[in-house]
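Biologist: I'd like a close look at one part of this model, the sheet and what sits against it. Please walk me through the pairing strand by strand, then branch out to whatever else helps make the picture clear.

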Amino acid sequence: MRRRHLPAQTGAGSEREPDEAEAWAEQPPLVECRDLACTFGTGEAAVVAVHGVSLQVWPGDQIGVMGPSGSGKSTLLHLLGGLRPATAGTVGWPGLGGHPLGVPGRIGFIFQGPSLVPSLDVVENVTLPLLMADADPAEAIRRARAALDAVGIGTLAARVPDELSGGQAQRVAVARALVCQPRLLLADEPTGQLDHAAADVVMTSLLDARARLGAALVVSTHDPLIADRLSGRWVMRDGAVTGTSSPAERVAR
Ligand SMILES: Nc1ncnc2c1ncn2[C@@H]1O[C@H](COP(=O)(O)OP(=O)(O)OP(=O)(O)O)[C@@H](O)[C@H]1O
């Protein structure tokens, strides 16, 4: 399957400048799923967290995932990242060279809390994905410093997590997600614990990284101001994606 210039069949694609569309033409989707479902538990205790989701994410896409608490946003992001197996349907990563866990670093995750290792300093925290992928330690440090510079916190490299504000810690988590130069960035309520100013800075880091890496960015959020910074939208309700849109479609409504 090859990239189309028009938005994805689901309407999830983003509006782009023509040169971006040209750059990303002829590329397969980074992830695609069909009738994807995930049920937790069995019998009377079963919870259908996600069901019947069919969509694609293409290079360059930027998508805000919105929906009430419990509507399945986190579960869907975990499924799209290969962190959780589907209980029905299919998910594949044709643009990432197979299963993402078999190709370290192809997907960058950012979670609601930064989850930094408290005993390591900032730069050591950011090296972790590289070291887990067997990178040379000196090279890992060099790349971690570059990732910290890219999100504007290079001066914090020697601090430990306890010495950071919430926004700074979350930017370290963004740097850690970027250090392997992922093609797909999945961020699960990355600004949920931040005030608006800090949230704005974290979103700018993510959007800049998306553009720099030619990656796709999928962000779940409850905050319409955060979602409005992303050109595509998936709306979830009761485990299903009930709507997708680009900004032009939202304006036309
Ligand atoms: N590990 C789990 N075991 C059992 N049920 C779960 C598990 N994880 C999620 N669920 C259930 O699946 C449903 C979807 O949860 P999910 O966390 O994906 O929703 P969400 O939209 O991300 O919610 P929030 O906005 O509150 O983070 C909920 O009913 C939740 O209780």
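**The sheet and its surroundings**

Modeller: Let's start inside the sheet: strand 6 and strand 7 (residues 216-220) run parallel and are joined by five bridges. One pair to look up is Ala-187, whose bridge partner in strand 7 is Val-219. Keep in mind as you turn it around that this is a predicted model.

Now go to the other neighbour. Strand 6 (residues 184-188) is also parallel to strand 5, this time over four bridges. Ala-187 turns up again here, as the strand 6 partner of Ile-110. That lets you step across three strands through one residue, from Ile-110 to Ala-187 and on to Val-219.

Zoom out and you have an open sheet of six strands, in the order 5-6-7-3-8-9, with mixed pairing. Strands 5 and 9 are the edges: each has a single partner strand, so one side of each lacks a neighbour in the sheet. From one strand to the next, the twist averages 15°. Helix 5 packs on this sheet, touching strand 5 and strand 6, and its direction makes about 165° with that of strand 5.

What about the faces of strand 5 (residues 107-110)? Both are covered: Ile-107 and Phe-109 are buried on one side, Gly-108 and Ile-110 on the other. So strand 5 has an edge without a partner, while its two faces are covered.

That takes us into the packing. The largest nonpolar core has 66 residues, and the members touching the most others are Leu-184, Leu-185 and Val-218. Helix 5 (residues 166-178) supplies the largest share of this core, with seven residues. Leu-184 is a good place to park the view: leaving out residues up to four places away in sequence, Leu-184 touches Leu-30, Val-31, Val-57, Leu-96, Arg-106, Ile-107, Ala-215 and Ala-216. Notice Ile-107 in that list, the residue we just met on one face of strand 5.

Helix 5 has other company too. The buried residues of helix 3 pack against helix 4 (137-150) and helix 5. In helix 3 (residues 122-132), those buried residues are Val-122, Val-123, Asn-125, Val-126, Thr-127, Pro-129 and Leu-130. Right after helix 3, look at the backbone of Asp-134, which has a positive phi of about 70°.

Over at the other edge, strand 9 (residues 240-245) holds Val-241. Is Val-241 buried or exposed? Val-241 counts as buried because 24 C-beta neighbours lie inside 10 Å, and the cut-off for that is 20 or more. Again setting aside residues up to four places away, Val-241 touches Val-53, Leu-55, Trp-234, Val-235 and Met-236. As for distance, its C-alpha atom is 26 Å from that of Thr-204, 37 residues apart along the chain.

Close by in sequence, the loop between strand 8 (232-237) and strand 9 contains Asp-238. Its phi is positive, about 50°, although Asp-238 is not a glycine. Most residues other than glycine have a negative phi. Asp-238 is partly exposed, with 14 other C-beta atoms within 10 Å. There's another aspartate to check, in strand 1 (residues 31-40): Asp-35. Asp-35 also has a positive phi of about 50°, but it is exposed, with 12 other C-beta atoms within 10 Å.

One last stop, the ligand. Around it you'll find Phe-40, Gly-41, Val-47, Ala-49, Gly-67, Ser-69, Gly-70, Ser-71, Gly-72, Lys-73, Ser-74 and Thr-75. Strand 2 (47-57) and helix 2 are the elements that give two or more residues to this shell, and helix 2 gives the most, with three. By type, the shell divides into three nonpolar, eight polar and one charged. Helix 2 (residues 73-80) is mostly covered as well, with seven of its eight residues buried. Those are Lys-73, Ser-74, Thr-75, Leu-76, Leu-77, Leu-79 and Leu-80. Just past helix 2, Gly-82 takes a positive phi of about 75°.

To put the sheet in context, the protein has eight helices and nine strands, and 45% of its 253 residues are buried. Of the contacts between residues at least 6 apart in sequence, 73% join residues at least 24 apart.

Definitions and conventions. Residues are numbered from 1 along each chain as its sequence is written. This is a predicted model: local features need pLDDT of at least 70, side-chain atom pairs count only at pLDDT 80 or more; totals for chains, interfaces and linings use all residues. A nonpolar core is a set of buried Ala, Val, Leu, Ile, Met, Phe, Trp, Tyr and Cys residues joined through C-beta atoms within 7 Å. Two residues are in contact if their C-beta atoms, placed from the backbone, lie within 7 Å. Two strands pair if DSSP finds at least two bridges between them. A residue is near a molecule or strand if its C-beta atom, placed from the backbone, lies within 6 Å of it. Ala, Val, Leu, Ile, Met, Phe, Trp, Tyr, Cys and Pro count as nonpolar, Asp, Glu, Lys and Arg as charged, and the others, Gly among them, as polar. Axes are lines fitted to C-alpha atoms, for helices over the stretch in contact, and angles run from 0 to 180 degrees between N-to-C directions.
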